[in-house]
Amino acid sequence: MEYQHAKDRPWIFRTYAGHSTAKKSNELYRANLARGQTGLSVAFDLPTQTALDSDHVLSKGEVGKVGVPICHIGDMRTLFDGIDLGVMNTSMTINAPAAWLLSLYVALADEQGVPRDKLQGTTQNDIIKEYLSRGTYVFPPEPSLKLTVDTIEWCLANSPKFNAMNVCSYHLQEAGATPEQELAFALATAIAILDEVKSRNLNSDDFDKIVRRISFFVNAGMRFITETCKMRAFTKLWDELCETRYGVKNPEDRRFRYGVQVNSLGLTEPQPENNVYRILLEALAVTMSKDARARAVQLPAWNEALGLPRPFDQQWSLRMQQILAYETDLLEFEDIFNGSTVIEAKTKELIDGAKAELAKIEAMGGAIKAVSYMKEQLVNANRDRLLGIEGTEQIVVGVNKWTESEESPLGAGTKAIQTADPMAEQDQVARLNEWRKNRDEARVAQSLAALKDAVQNGINIMEPSIECAKAGVTTGEWGQALREVLGEYRGPTGVSLIVQIDDEDIAAVKTRVEKLSDKIGEKLAMLVGKPGLDGHSNGSEQIATRARAVGFETTYEGIRSTPEEIVNLAKANKVHIVGLSILSGSHLDLVRDVVGRMREAGLQDIPVVVGGIIPPEDEQALLQFGVRKIYTPKDFKITEIMGDIVGILEQKFA
């Protein structure tokens, strides 16, 4: 007899989107919704993510590049024009200024006449992973934790269907985390949040409701069986944690609720058409096990390693989800992995490993106290992963094996990716200036004063922030008000001062470094810099780590430096070469600025190399600026990069 089961509802279909301007992003959202997308996932640009206005010095070149700029409620109106917030489920990938973007969203809902208790969606609001992997933090850890819990507490009373906190392990895996580390570090973050919630002295019913609304945002990589088991481990660990540590009695309240974007780290620039298969297999890992199935899925586009995806590319990924949900029988069966001894054994292994890592973090005093430890562990894990790819112990098809390829007919050149409007930043700044001219400055000043008073006196900041939104306060003004009270934070780099790696190729490059250092009478010195707001530091961390391993005196101070700061560091540390890492698409503006300032400072003889997601058509421009060498994701052999850099210096000092 054929197995019968009531068909499950599919998960929420999302695409992560936003670019250039609120108007263009709104057009994209409405088009995607018309194609069958069932929820929105808003990507904000880096100035917005770091609570800066579009005209801030650090915003130069970054406006509208990796997401949509939102400077005030006017931008929010445009972004959601024609979209009913009373029925839309909106996920906002925002962290340090999550309270602010949520306030703008609530203020807009008030304008639309939507009751606050009808709002559905998520703010990511996971600040700890920003210190570890993503880099869009602003404030120090302790006050940041309070800001997160302010939004949780406010949503409980006002918008109970809204997930005010979304523990994000996605970027942990992007930073190289092992499955055990991804499990442990994410759960340690959840513990830090729930312990802070507990300190608010809520009654048990309200606490259980908050636990029910805590969601997770996870990653799924290419090791299909391991990723499936990881998700099953997450469900078991979360259930156990909620019951034993926090006394949550209702199993439904303890259910592990998560959304997912599958792995972008594994998407390749060489033979990018292979990424279609990778994305599908990764999607299966988070949908096939019914007991651990994602509640929402957003898939990257096949060409994201090349640049900004086009509408067609996003549609293609959406269609993959729809085919999986509606054309297969995936949703018609109970969990197909139940009873598998292989799955159970691997799941237990991951649980045991995660618990051991969690115990270390607990012994350090919890996630906030263990930030430096976790960051260093991620850098080391990513180093091991990359060494495995360089040495072909880990095969990546089209990258380190079977690299010969027919020319792809899927697209090349400028039409293969979406290009940001070069005038978008100028237009956004002009609109921002016009906005400031036409608002009630007295109301702005009054609302900002009330906001600062709330922060200083430990009052929940949500209502004062909503009033700021309605008064016309800008993102940068909100952020500055909090900076003045809470201060700013610079996270750990995770890069050791001394790095030893046993490898013959590394030893050979180290010999060349020592020989050239002896020749010039001083140790070769390199500056690894990250200009602008790009927080994706994995590449720069590995370059700095390998530079130290081959014998360079290496300066690396982490993310978010201005071009002026980079030039000052190069001069102060008397470096022989400068390496710039930029993955946000702002490479032309930032490299031009750095190189120009180096000339003005008399450092024009110091060679500059650049790495990042750089389209081929931009490479010629960078070379004309004076850049000596350009590296993109296809250049995965870091020791060879070090050899190139030594070669540039050997030529200079010949």
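Visitor: At roughly what angle do the axes of helix 6 and helix 8 cross?

Guide: The axes of helix 6 (residues 141-158) and helix 8 (residues 179-198) cross at roughly 70° and come within 10 Å. Helices (H or I, at least four residues) and strands (E, at least two) are DSSP runs, numbered from the N terminus. Axes are lines fitted to C-alpha atoms, for helices over the stretch in contact, and angles run from 0 to 180 degrees between N-to-C directions. Helix 6 and helix 8 are therefore roughly perpendicular to each other; angles under 35 degrees count as roughly parallel, over 145 as roughly antiparallel, 65 to 115 as roughly perpendicular and the rest as oblique.

Visitor: And what should I know about the model itself?

Guide: This is a predicted model, in which local features need pLDDT of at least 70 and side-chain atom pairs count only at pLDDT 80 or more, while totals for chains, interfaces and linings use all residues. Residues are numbered from 1 along each chain as its sequence is written, and side-chain values use heavy atoms, with hydrogens and water left out.

Visitor: Is the crossing of helix 6 and helix 8 left-handed or right-handed?

Guide: The crossing of this pair, helix 6 and helix 8, is right-handed. The word is left-handed if the near helix is turned anticlockwise from the far one by less than a right angle, and right-handed if clockwise.

Visitor: Which residues of helix 6 and helix 8 meet?

Guide: From helix 6, Leu145, Lys146, Thr148, Val149 and Ile152 meet Ala192, Ile193, Glu196 and Val197 of helix 8, where contact means heavy atoms within 4.5 Å. This contact of helix 6 with helix 8 has 6 nonpolar, 1 polar and 2 charged residues. Ala, Val, Leu, Ile, Met, Phe, Trp, Tyr, Cys and Pro count as nonpolar, Asp, Glu, Lys and Arg as charged, and the others, Gly among them, as polar.

Visitor: How do the residues in the contact of helix 11 with helix 12 divide by class?

Guide: Let's place that pair before counting. The axes of helix 11 (residues 275-285) and helix 12 come within 11 Å and cross at roughly 40°, so the two helices, helix 11 and helix 12, are oblique to each other. Val276, Ile279, Leu280 and Leu284 of helix 11 meet Trp316, Met320 and Leu324 of helix 12. By class, the contact of helix 11 with helix 12 has 7 nonpolar, no polar and no charged residues.

Visitor: What is the strand order in the open sheet that holds strands 1 and 10?

Guide: Strands of a sheet pair through backbone hydrogen bonds, either parallel or antiparallel. Here, 5 strands form an open sheet in the order 1-10-9-8-7, and the pairing is parallel; two strands pair if DSSP finds at least two bridges between them. Strand 1 (12-14) and strand 7 (166-168) are the edge strands, each pairing on one side only. On average, neighbouring strands of this sheet are turned by 20° against each other, direction ignored. Inside the sheet, strand 8 (residues 215-218) and strand 9 (residues 258-261) run parallel and are joined by 3 bridges, with valine 218 having valine 260 in strand 9 as its bridge partner. Helix 8 packs on this sheet, touching strand 7 and strand 8, and its direction makes about 150° with that of strand 8.

Visitor: Why does one side of strand 12 and of strand 15 lack a neighbour in the sheet?

Guide: Those strands belong to an open sheet of 5 strands with the order 12-11-13-14-15 and parallel pairing. Strand 12 (553-556) and strand 15 (629-631) stand at the edges with a single partner strand each, so one side of each has no neighbour in the sheet. Strand 14 (residues 608-612) runs parallel to strand 15 and is joined to it by 3 bridges; valine 610 stands opposite isoleucine 630 in strand 15.

Visitor: How many aromatic pairs does the structure hold?

Guide: A pair of aromatic rings is described by the distance of the centres and the angle of the planes. The structure holds 17 aromatic pairs. Rings of Phe, Tyr and Trp (its six-membered ring) pair if their centres lie within 6.5 Å; planes under 30 degrees apart count as stacked, over 60 as edge-to-face and the rest as tilted. Phenylalanine 13 and tyrosine 326 have ring centres 5.9 Å apart and planes at 85°, so the pair is edge-to-face. Phenylalanine 13 lies in strand 1 and tyrosine 326 in helix 12 (residues 311-326), so the pair ties together parts that are 313 residues apart in sequence.
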